[in-house]
Amino acid sequence: MANDFSRRKLLMRAAQTTALTGPLFQAAAQSNTQGPINRNSAPSSLKITDMRACRVAANYDYPIIKIYTNQGVYGLGEVRDAGVEGIALILKAHLVGRNPLEIEANLRRVRPFANHARMGGGYSAVDMALHDIAGKVYNVPAWRLIGNQVRDRIRIYADTTDHKDPKVYAERMRKRKEMGLTFFKMDLHTELVADRPGAVNERGVATEKGLGYLCEYIRAIRDVIGWGVPLAADHFGPLNVKDAIRYARAFEPYQLAWAEDMVPWPNWQGLKEIRANTTTPILTGEDVFALQGGFDNLIDNHAVDAIHPDIETSGGLLETNRIADAANRAGIPVAMHHAGSPVGGFAGYHCAATVQNFLAIENHALDMPWWQDLVSGVPKPIIDKGYVQVPKGAGLGIEPNDAVVKEHLRRPGYFEPTPMFDDVIVSGFAPGGAWPHFDEEGKWCNCVSYQ
């Protein structure tokens, strides 16, 4: 009996070996590449050697990072807009010397430093840069590393600066339509009507009279862009749940695509109550990091009609793909917030290419003529008639346009050395030290050494 069992084990191992080296495996491997593997790189000996950064001055500053390797392959990433590059650079000492192709292991190593809002920006930037490197090494677009392509182009939604005159506001939105945009969003600040008698109460919230005034802006824009196209709204002010229900009900005749961030995202119970009391779709998520401890409550409790991750906060390509998969299983669509540079933009486009339940991704720089010129390697215009073509180049498929980036730096210094970040900033977190962390299998370990 023991001999029979041993023979069966040997036969099973032989079959597994054949499966991993035979024609089916080879065909699958070939299908995951767009051309030959980059023979200029030796993946097994690839090591991270440095991380540097610069910051582009824009409507919201763009902190861009670059991770270097010992084989000349580098990766680009972006910290959340209006953040600081140091949020990523503090992770440098935890990554130098490691193989960048071990993406999940590297991300587990730096995950204890990540949190919601702008504090998710460093982790997210590292994820982007690692996928950029891996895509270049294996000569595949970054989307191939996280899933299958489900669309050829990515829909863009247009944010638009508000104005107190509804007619002027509507004309601004008309220009978005003339650009070819097909999905629109407006900022509907309660402050727009604050100077009208009786429009706002002492808490800064619109009265019934004030809600009527706010709806004048929606109506004026609807008359310009059409009543059948998607129009979302955001930035309502300091609302509680009851306020939000009143606002959402007032918006119902205008069939908004969504009302955004009506109350803070951790209050999923309140968001669920709002959703249950209006036909206006409810959305949130731009400040949420990760699925576990972040989007899971929103998704599992069906607290919103759609989620809204920002790839520069939510955890980069890998984590955002997991978030989108969880939402898809729950029947919840995914829109994506983005107010950064083309670096984060293209990371988002790669991710969106794999998302079954995708709606649209934001662009917050439609009035910035040099935005698309910050990068090269992709067809221009980047946004053509409201869409971006799914990137085909290796990695993120873009390179920084050095001359243009240098022209728009917030401060001197273009990917200068960062020796001030060479040392681990947390005692005991260096390799060989003790620190609670996720192990190589993704299990939480308490005070176990990294090796």
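**Exercises on the chain**

His235 sits in the loop that runs between β6 (231–234) and α9 (241–251). Keep this residue in view, as it comes back below. The model is predicted, so local features need pLDDT of at least 70 and side-chain atom pairs pLDDT 80 or more, while totals for chains, interfaces and linings use all residues. Residues are numbered from 1 along each chain as its sequence is written, and side-chain values use heavy atoms, leaving out hydrogens and water.

**Exercise 1. Find how many helices and strands the chain has, and what share of its residues is buried.**

Step 1. Count the elements: there are 15 helices and 16 strands. Helices are DSSP runs of H or I with at least four residues, strands are runs of E with at least two, and numbering starts at the N terminus.

Step 2. Turn to burial: 53% of the 451 residues are buried. Buried means under 20% relative accessible area, exposed over 50%, and partly exposed in between (1.4 Å probe, protein chains only).

Step 3. Look at contacts (heavy atoms within 4.5 Å). Among those between residues at least 6 apart in sequence, 71% join residues at least 24 apart.

**Exercise 2. Describe the backbone and exposure of His235 and Asp261.**

Step 1. Read phi for His235: the value is near 60 degrees, positive in a residue other than glycine. Asp261 also has a positive phi, near 50 degrees. Most residues other than glycine have a negative phi, and most peptide bonds are trans.

Step 2. Place Asp261: this residue is in the loop between β7 (259–260) and α10 (268–276).

Step 3. Compare with the cut-offs. His235 is partly exposed because its relative accessible area is 39%, and Asp261 counts as partly exposed at 27%.

Step 4. Add the peptide bond joining Lys380 and Pro381, which is cis, with omega about 0 degrees. Pro381 belongs to the loop between β12 (375–376) and β13 (387–389).

**Exercise 3. Characterise the largest pocket and the two largest cavities by volume and lining.**

Step 1. Fix the terms. On a 1 Å grid over the protein atoms alone, a cavity is a set of points where a 1.4 Å probe fits but cannot get out; a pocket is an open set with protein on both sides within 12 Å along at least five of seven lines; lining residues have an atom within 4 Å of a point. Points are joined across faces, edges and corners, and volume is the space filled by probe spheres set on them.

Step 2. The largest pocket holds about 380 Å³ of space. Its lining has 25 residues, and closest to the centre are Asp234, His235, Glu260, Asp261 and Glu286.

Step 3. Sort that lining by class: 7 nonpolar, 6 polar and 12 charged residues. Here Ala, Val, Leu, Ile, Met, Phe, Trp, Tyr, Cys and Pro are nonpolar, Asp, Glu, Lys and Arg are charged, and the others, Gly among them, are polar.

Step 4. The whole structure has 3 cavities of 30 Å³ or more. The largest, of about 40 Å³, is lined by Ile64, Leu76, Val343, Leu374, Val375, Pro400, Val405 and Phe415, giving 8 nonpolar residues and no polar or charged ones.

Step 5. The second largest cavity also has about 40 Å³ of space. Its lining, with Val110 and Gly122 among its members, has 8 nonpolar residues, 1 polar and no charged.

**Exercise 4. Work out where Thr190 is and what surrounds this residue.**

Step 1. Thr190 is in the loop between β5 (184–187) and α8 (208–225), and counts as buried because its relative accessibility is 4%.

Step 2. Leaving aside neighbours within four places in sequence, its contacts include Val200, Leu214, His235, Phe236 and Tyr247.

Step 3. Check a distance: Thr190 and Phe236 are 46 residues apart along the chain, yet their C-alpha atoms are separated by 5.5 Å.

**Exercise 5. Explain why helix α4 is described as largely enclosed, and name its buried residues.**

Step 1. Helix α4 (residues 103–110) is largely enclosed by the rest of the structure because 7 of its 8 residues are buried.

Step 2. The buried residues in α4 are Ile103, Ala105, Asn106, Leu107, Arg108, Arg109 and Val110.

Step 3. Link back to Exercise 3: Val110 also helps line the second largest cavity.
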